[in-house]
Amino acid sequence: MREAVFALLTVAGLLSRVATSIASEPLAKGIQDNSFFIEEAYNQEPGVVQHILNVPINFTNGARDIAPSFTQEWPVFSQLHQFSYTIPYIFTEDDNGIADVQLNYRLQALTEDEYTPAFAPRFSLVLPTGNEHEGFGTGVVGYQFNLPFSKIVSDRWTLNFNAGMTVFPNVRNSRHLMNYNLGASAIYAVSRDFNLMLETVAGWNEDIAEGAFALDESVERTASAIVSPGARYAFNLPNDVQLVIGAALPIGLTADSPDWGVFFYFSFEHPFIRTEPRCSK
C-alpha cells in the first residue's frame, strides 16, 4: 500500500512539473524559425527536417513576377550544425527559369537564454544555375554571409535582426559585384499557434547594367527596401509534426523596390529519426 501511495505521489509530482514548465514557457516559443523575409537564429533540432515553400508575387509598374523557392533544412548530427539548400525559380512577364541555387551551412554559435540572444551565422555558396543572359543569375559562383540574431524579449514578443553580404567575383571576367542586406522584425504571439509579424528588409545591390558588354561593362547600383506586415499559424499534429502557413503584404519603400506584393509561406516539419522528446523551437 505504501509503495502504491509513493508511486502516485511521484507521478503527481512529475505531472505538476510538466504543467509548471508548460505554463512558464513563453507563448513566443510556440512558433520559431518560420519567418518570411528575416532569418531567425534557430537551427533545426536533432532528427528533425523542415521543408519550406516561399511564394512571393511582386508588382512593379503594372508588371508581375513570381519567384517561388523551395528550401530544406537538415541538422548535422546536432543542433550546433545545420545544412540546407534553396532552389529558386522565377516567372516574369516574358520568360521563366531556375535562378541561382544556394547551399547553406549555419552554426548555432549562441543558444538563447534569459540574457543572451540566439546567434547563428550562415555561410552560403551561390551556384551559377540561373541563366545570366535572362537575368536569372550572374554566371559565377557567389559567396554569401548572413548574421541573424533572435531574442524573446517578453512572453509574447520576439525581435530578430539580420545583416549580411553577397560577393560575386569576376563577373564576366572583370567585375566583383557586392550586395549588402540589413533587416529586422518584431513578432507578436497572439496565442501559442498564431503570430502577427512586421518585417523590414533593405538591400544595396550591384549588377551588370543591361546591354553592357564584356569590354565595356558598367555596374548598376540599386537600393531596395520593403516593409511587410504578415501573419502565420501553426498546426501541431501528432508525432511531433508541425505545419505552418502564413501570408504577408510587402510594400516597397524605394524606387528600386517592387511597388507592392503578396507573399505566401508553407512549412512542413517532422522527425526523420527517433530522438528524445522535442522541446519547442
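Reader: Where does Asp 193 sit?
Author: This is a predicted model, where local features need pLDDT of at least 70 and side-chain atom pairs 80 or more, while totals for chains, interfaces and linings use all residues. Numbering starts from 1 along each chain, and side-chain values use heavy atoms, without hydrogens or water. With strands taken as DSSP runs (E, at least two residues), numbered from the N terminus, Asp 193 lies in the loop between β11 (175-191) and β12 (194-208).

Reader: Is Asp 193 buried or partly exposed?
Author: Buried means under 20% relative accessible area, exposed over 50%, and partly exposed in between (1.4 Å probe, protein chains only). Asp 193 has 23% relative accessibility, so this residue counts as partly exposed.

Reader: How far apart are the C-alpha atoms of Asp 193 and Ile 31?
Author: Along the chain, Asp 193 and Ile 31 are 162 residues apart. In space, their C-alpha atoms are separated by 6.5 Å.

Reader: Which residues is Asp 193 in contact with, leaving aside neighbours within four places in sequence?
Author: Contact here means heavy atoms within 4.5 Å. On that basis, Asp 193 is in contact with Ile 31, Arg 232, Tyr 233, Ala 234 and Asn 236.

Reader: Ile 31 belongs to the largest nonpolar core, so to speak; which strands each supply at least two residues of this core?
Author: A nonpolar core joins buried Ala, Val, Leu, Ile, Met, Phe, Trp, Tyr and Cys residues through side-chain atoms within 4.5 Å. The largest has ten residues, including Ile 31, Ile 187, Ala 234, Val 244 and Phe 263. At least two residues of this core come from each of β14 (241-248) and β16.

Note on methods: Helix = DSSP H or I, 4+ residues; strand = E, 2+ residues; numbered from the N terminus.
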